[in-house]
Amino acid sequence: QVQLLESGGGLVQAGGSLRLSCACPPDIFSINAMAWYRQAPGRQRERVAIMTPDSSIAYAKSVQGRFTISRDNAKSTLFLQMNNLKPDDTAVYYCTWGYIPAPGLYEPEYWGQGTQVTVSS
(Lines give C-alpha, C1' and ligand atoms only; values in the text may rest on other atoms or scores of the structure.)
Protein backbone atom coordinates (compact mmCIF):
# COMPACT_ATOMS: atom_id res chain seq x y z
CA GLN A 1 0.00 0.00 0.00
CA VAL A 2 1.24 3.48 -0.84
CA GLN A 3 1.88 5.32 2.40
CA LEU A 4 3.14 8.64 1.05
CA LEU A 5 2.15 10.26 -2.19
CA GLU A 6 3.91 13.39 -3.39
CA SER A 7 2.49 15.74 -5.95
CA GLY A 8 3.02 19.24 -7.26
CA GLY A 9 6.34 18.92 -9.03
CA GLY A 10 6.92 20.23 -12.49
CA LEU A 11 8.90 22.56 -14.68
CA VAL A 12 9.25 26.18 -13.67
CA GLN A 13 11.49 29.08 -14.62
CA ALA A 14 14.01 30.49 -12.20
CA GLY A 15 12.29 32.83 -9.80
CA GLY A 16 9.04 30.94 -9.97
CA SER A 17 7.18 28.98 -7.33
CA LEU A 18 5.80 25.52 -6.77
CA ARG A 19 3.95 23.89 -3.92
CA LEU A 20 4.53 20.24 -3.18
CA SER A 21 2.00 18.15 -1.32
CA CYS A 22 2.36 14.85 0.48
CA ALA A 23 -0.65 12.80 1.49
CA CYS A 24 -0.01 10.59 4.50
CA PRO A 25 -2.08 8.05 6.47
CA PRO A 26 -3.59 9.81 9.48
CA ASP A 27 -2.25 7.34 12.05
CA ILE A 28 1.30 7.95 10.86
CA PHE A 29 0.90 11.66 10.30
CA SER A 30 -0.35 12.36 13.79
CA ILE A 31 2.55 10.87 15.76
CA ASN A 32 5.65 11.02 13.57
CA ALA A 33 7.96 13.67 12.27
CA MET A 34 7.95 14.31 8.56
CA ALA A 35 10.58 15.76 6.30
CA TRP A 36 11.23 16.67 2.70
CA TYR A 37 14.43 15.47 1.07
CA ARG A 38 15.78 16.07 -2.37
CA GLN A 39 18.16 14.19 -4.61
CA ALA A 40 19.85 15.84 -7.57
CA PRO A 41 22.16 14.08 -10.02
CA GLY A 42 25.75 14.38 -8.89
CA ARG A 43 24.82 15.84 -5.53
CA GLN A 44 24.44 14.37 -2.09
CA ARG A 45 20.96 13.72 -0.83
CA GLU A 46 19.81 16.68 1.22
CA ARG A 47 17.18 17.11 3.86
CA VAL A 48 15.29 20.19 2.84
CA ALA A 49 12.90 20.74 5.71
CA ILE A 50 11.50 18.88 8.69
CA MET A 51 8.37 19.33 10.73
CA THR A 52 7.28 17.53 13.88
CA PRO A 53 3.71 16.81 15.00
CA ASP A 54 3.91 19.79 17.36
CA SER A 55 4.99 21.96 14.41
CA SER A 56 8.62 22.53 15.25
CA ILE A 57 10.48 23.25 12.02
CA ALA A 58 14.00 23.26 10.65
CA TYR A 59 15.31 24.07 7.17
CA ALA A 60 18.42 23.35 5.21
CA LYS A 61 20.62 26.39 4.80
CA SER A 62 20.28 26.10 1.04
CA VAL A 63 16.53 26.79 1.16
CA GLN A 64 16.22 28.99 4.23
CA GLY A 65 14.11 32.02 3.47
CA ARG A 66 12.73 30.58 0.24
CA PHE A 67 10.93 27.38 1.23
CA THR A 68 8.19 26.91 3.80
CA ILE A 69 7.10 23.59 5.24
CA SER A 70 3.63 23.30 6.69
CA ARG A 71 1.03 20.70 7.53
CA ASP A 72 -2.71 20.35 7.56
CA ASN A 73 -3.51 18.00 10.41
CA ALA A 74 -7.15 17.62 9.45
CA LYS A 75 -6.17 16.44 5.99
CA SER A 76 -3.01 14.56 7.03
CA THR A 77 -1.09 16.41 4.36
CA LEU A 78 2.39 17.91 4.38
CA PHE A 79 3.29 20.82 2.13
CA LEU A 80 6.43 22.43 0.85
CA GLN A 81 5.98 25.89 -0.59
CA MET A 82 8.97 26.71 -2.76
CA ASN A 83 9.49 30.32 -3.78
CA ASN A 84 12.21 32.06 -5.74
CA LEU A 85 13.28 28.76 -7.23
CA LYS A 86 16.77 28.43 -8.60
CA PRO A 87 18.26 25.97 -11.09
CA ASP A 88 20.17 24.39 -8.20
CA ASP A 89 16.81 23.41 -6.71
CA THR A 90 16.31 20.96 -9.56
CA ALA A 91 15.94 17.53 -8.00
CA VAL A 92 13.57 14.74 -7.17
CA TYR A 93 11.80 15.72 -3.99
CA TYR A 94 10.79 13.04 -1.52
CA CYS A 95 8.37 13.10 1.35
CA THR A 96 9.34 11.01 4.36
CA TRP A 97 8.10 10.12 7.80
CA GLY A 98 10.34 9.01 10.60
CA TYR A 99 11.52 9.34 14.15
CA ILE A 100 13.50 11.78 16.22
CA PRO A 101 15.48 9.54 18.60
CA ALA A 102 17.43 12.44 20.05
CA PRO A 103 17.46 16.20 19.66
CA GLY A 104 18.80 17.15 16.26
CA LEU A 105 18.47 13.65 14.82
CA TYR A 106 15.96 12.37 12.32
CA GLU A 107 15.64 8.82 11.08
CA PRO A 108 13.41 8.49 8.03
CA GLU A 109 11.51 5.23 7.98
CA TYR A 110 9.52 5.51 4.79
CA TRP A 111 10.04 7.34 1.53
CA GLY A 112 7.52 8.35 -1.04
CA GLN A 113 8.11 7.79 -4.72
CA GLY A 114 9.25 11.34 -5.29
CA THR A 115 8.19 14.16 -7.52
CA GLN A 116 10.45 15.84 -10.06
CA VAL A 117 11.12 19.56 -9.78
CA THR A 118 12.96 21.14 -12.67
CA VAL A 119 13.96 24.79 -12.62
CA SER A 120 15.12 26.23 -15.90
CA SER A 121 17.57 29.07 -16.35
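Reader: In this predicted model, with which residue's side chain does the side chain of R66 make a polar contact?

Author: R66 lies in the loop between strand 6 (57-59) and strand 7 (67-72). From this loop, its side chain makes a polar contact over 2.7 Å, and the partner is the side chain of D89.

Reader: Is R66 buried or exposed?

Author: Outside its neighbours within four places in sequence, R66 is in contact with several residues, among them Q81, M82, N83 and D89. Buried means under 20% relative accessible area. The relative accessibility of R66 is 10%, so R66 counts as buried.

Reader: Which element gives the largest share of the largest nonpolar core?

Author: This core has 28 residues, and M34, W36, L80, M82 and Y93 touch the most other members. Among the elements that give two or more residues to the core are strand 3 (18-23), helix 1 (26-29), strand 8 (77-82) and strand 9 (91-99). The largest share is four residues, and these come from strand 9.

Reader: How many residues does the second, separate core have?

Author: The second core stands apart from the first, and its members include A33, A35, I50 and Y106. Its number of residues is five.

Reader: Which residue of strand 11 stands opposite Y93?

Author: Strand 9 and strand 11 run antiparallel and are joined by three bridges. Y93 is in contact with, among others, G114, T115 and V117, leaving aside its neighbours within four places in sequence. The residue of strand 11 that stands opposite Y93 is T115.

Reader: Which side chains of strand 11 point to one face and are buried?

Author: In a regular strand the side chains alternate between the two faces of the sheet. Strand 11 shows such alternation: Q116, T118 and S120 point to one face and are not buried. The side chains that point to the other face and are buried are those of T115, V117 and V119.

Reader: Which residue is the bridge partner of G10 in strand 11?

Author: Strand 2 (residues 10-13) pairs with strand 11 in the parallel sense, over four bridges. For G10, the bridge partner in strand 11 is V117.

Reader: Why is the pair of Y94 and W111 edge-to-face?

Author: The structure holds four aromatic pairs. In the pair of Y94 and W111, the ring centres are 5.8 Å apart. Planes over 60 degrees apart count as edge-to-face. The pair is edge-to-face because its planes stand at 80 degrees.

Reader: How many residues apart are Y94 and W111?

Author: Y94 belongs to strand 9 and W111 to strand 10 (residues 107-111), so that the pair links distant parts of the chain. Y94 counts as partly exposed at 22% relative accessibility, and W111 is partly exposed with a relative accessible area of 26%. Ring pairs link both residues with Y37 and Y106 into a cluster. Along the chain, the separation of Y94 and W111 is 17 residues.

Reader: At what distance from the ring centre of F29 does R71 lie?

Author: R71 belongs to the covered face of strand 7, together with F67 and I69. The uncovered face of this strand has T68, S70 and D72. R71 lies over the face of F29, and its distance from the ring centre is 3.9 Å.

Reader: Which residue takes a positive phi in the hairpin of strand 7 and strand 8?

Author: Strand 7 and strand 8 pair in the antiparallel sense over six bridges, and D72 stands opposite T77 in strand 8. The hairpin has four residues between the strands. The residue with a positive phi, near 50 degrees, is S76.

Reader: What distance separates the C-alpha atoms of G114 and R38?

Author: G114 lies in the loop between strand 10 and strand 11 and counts as partly exposed at 24% relative accessibility. Along the chain, G114 and R38 are 76 residues apart. The separation of their C-alpha atoms is 8.6 Å.

Reader: Which residue's backbone oxygen does the side chain of N32 reach?

Author: N32 is found in the loop between helix 1 and strand 4, and at 7% relative accessibility it counts as buried. Leaving aside its neighbours within four places in sequence, N32 is in contact with P53, R71, W97, G98 and Y99. At 3.0 Å, its side chain reaches the backbone oxygen of I28.

Conventions. Residues are numbered from 1 along each chain as its sequence is written. This is a predicted model: local features need pLDDT of at least 70, side-chain atom pairs count only at pLDDT 80 or more; totals for chains, interfaces and linings use all residues. Side-chain values use heavy atoms; hydrogens and water are left out. Buried means under 20% relative accessible area, exposed over 50%, partly exposed in between (1.4 Å probe, protein chains only). A polar contact is a pair of N or O atoms within 3.5 Å; within protein, one must be able to donate a hydrogen and the other to accept it, and residues adjacent in sequence count only if both atoms are side-chain atoms. Contact means heavy atoms within 4.5 Å. A nonpolar core is a set of buried Ala, Val, Leu, Ile, Met, Phe, Trp, Tyr and Cys residues joined through side-chain atoms within 4.5 Å. Two strands pair if DSSP finds at least two bridges between them. Rings of Phe, Tyr and Trp (its six-membered ring) pair if their centres lie within 6.5 Å; planes under 30 degrees apart count as stacked, over 60 as edge-to-face and the rest as tilted. A charge sits over a ring if NZ of Lys or CZ of Arg is within 6 Å of the ring centre and within 35 degrees of the ring normal.
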